[in-house]
Amino acid sequence: MKPVIRFAGACALLLAGSTMAQAETLKIATEGAYPPFNYVDSDNKLHGFDVDITHALCEQMKVECTLVAQDWEGIIPALMAKKYDAVVASMINTEERRKKIAFTNHYYKTPLSVAVAKDSEITDAQTDFKGYTVGAQASSTQAIYAEDVYGKAGADVKLYPTLDEANADLAAGRLDGVIADKFPLTEWLGKAGKDCCKILGDVNDTKADASIAVRKEDQALRERLNTALDAIVANGTYQKIASRYFAFDIYQ
């Protein structure tokens, strides 16, 4: 019996070691179509603020992380289906989303802004946009705002799979305005959209928390991420990363 017991004990140790190794490997999703926060380069590699923050958090937690790109509309359903462990994709922490998933503390804050053509007759981001066509990324907080505020006031709201597609239609004159989070919209206007469009300004009372999403049952992971986030803010890693992308404070 003794060899059998020793063998069983060895198997138990191996299984425990395997379980511990698996517990220290995380799969993280981002969108890959939201520069400067997350985007894919010509070699199909992920880059951006969200990606760099993810790497810093994983290093702080001493875990091995794999990043995957996931289309925005499917990003919450896939998290709930356990295709990955967390989402670092500039997701805004909203009451509606909290019914399905949980969020860490914020890792930056952003208001909504509106962009229009340079010669547009629209003069204010708070305008009701009646009779105009406004674009936004589908399944986003800006889409909800566009439908609930501009749409109900008489605007035609058009939703797109990505912000880039909405911006492209604005540049081509197929939209009268685009509503989006301020920082990616500013990034686009500083590059591809600089010759065609301008920002009217921030939308009042829309500043919100961008946070990391996890499943509701994964509270231990949520707390580990919060602890790691506090650590990289305190030790200067966060600011070092942010300064690569922004000349102003986005943590706030």
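Ile53, Ala56, Leu57, Gln60 and Met61 in helix H2 meet Arg224, Leu225, Ala228, Leu229, Ala231 and Ile232 in helix H8, where a contact means heavy atoms within 4.5 Å. By type, the residues of this contact of H2 with H8 divide into 9 nonpolar, 1 polar and 1 charged. In this grouping, Ala, Val, Leu, Ile, Met, Phe, Trp, Tyr, Cys and Pro count as nonpolar, Asp, Glu, Lys and Arg as charged, and the others, Gly among them, as polar. The model is predicted, so local features need pLDDT of at least 70 and side-chain atom pairs count only at pLDDT 80 or more, while totals for chains, interfaces and linings use all residues. Residues are numbered from 1 along each chain as its sequence is written, and side-chain values use heavy atoms, with hydrogens and water left out.

Two packed helices are described by the angle between their axes and the distance between the axes. For H2 (residues 49–61) and H8 (residues 219–234), the angle is about 105° and the axes are 9 Å apart. The axes are lines fitted to C-alpha atoms, for helices over the stretch in contact, and the angles run from 0 to 180 degrees between N-to-C directions. H2 and H8 are therefore roughly perpendicular to each other. That label covers 65 to 115 degrees; angles under 35 degrees count as roughly parallel, over 145 as roughly antiparallel, and the rest as oblique.

Helix H2 itself has 13 residues and spans 18 Å from its first C-alpha to its last, close to the 18 Å expected at 1.5 Å a residue. The expected span is 1.5 Å times one less than the number of residues. H2 is mostly covered, with 10 of its 13 residues buried. Here buried means under 20% relative accessible area, exposed over 50%, and partly exposed in between (1.4 Å probe, protein chains only). Among the buried residues of H2 are Phe49, Asp50, Ile53 and Met61. Just after the helix comes Lys62, whose phi is positive, near 60°.

How buried is Tyr107, a residue of strand E7 (residues 101–110)? Its relative accessible area is 0%. Leaving aside residues up to four places away in sequence, Tyr107 touches twelve-strong company that can be followed in the structure, including Phe49, Asp50 and Ile53, as well as Leu229 and Tyr251. The side chain of Tyr107 also reaches the backbone nitrogen of Ser90 at 2.9 Å; a polar contact of this kind is a pair of N or O atoms within 3.5 Å, and within protein one must be able to donate a hydrogen and the other to accept it, with residues adjacent in sequence counting only if both atoms are side-chain atoms. Tyr107 and Asp230 are 123 residues apart in sequence and 9.4 Å apart in space, C-alpha to C-alpha.

In helix H8, Arg222 shares a polar contact of 2.6 Å with Glu223, side chain to side chain. Not counting residues up to four places away in sequence, Arg222 touches Ala102, Phe103, Thr104 and Val214.

What about the protein as a whole: how many helices and strands does it have? The secondary structure comes to 9 helices and 13 strands, where helices (H or I, at least four residues) and strands (E, at least two) are DSSP runs, numbered from the N terminus. Buried residues make up 46% of the 252 residues, and the C-alpha atoms fill a box of roughly 85 × 35 × 35 Å, taken along the principal axes. Among contacts between residues at least 6 apart in sequence, 71% join residues at least 24 apart.

Some backbone details deserve a look as well. Most residues other than glycine have a negative phi, and most peptide bonds are trans. A cis peptide bond joins Pro35 and Pro36, with omega about 5°, and Pro36 is found in the loop between E2 and strand E3 (38–40). Asn44 has a positive phi, near 65°, and lies in the loop between E3 and strand E4 (46–47). Asn44 is exposed, with a relative accessible area of 65%. Ser139, in the loop between strand E9 (133–137) and helix H5 (141–151), has a positive phi near 60° and counts as partly exposed at 41% relative accessibility.
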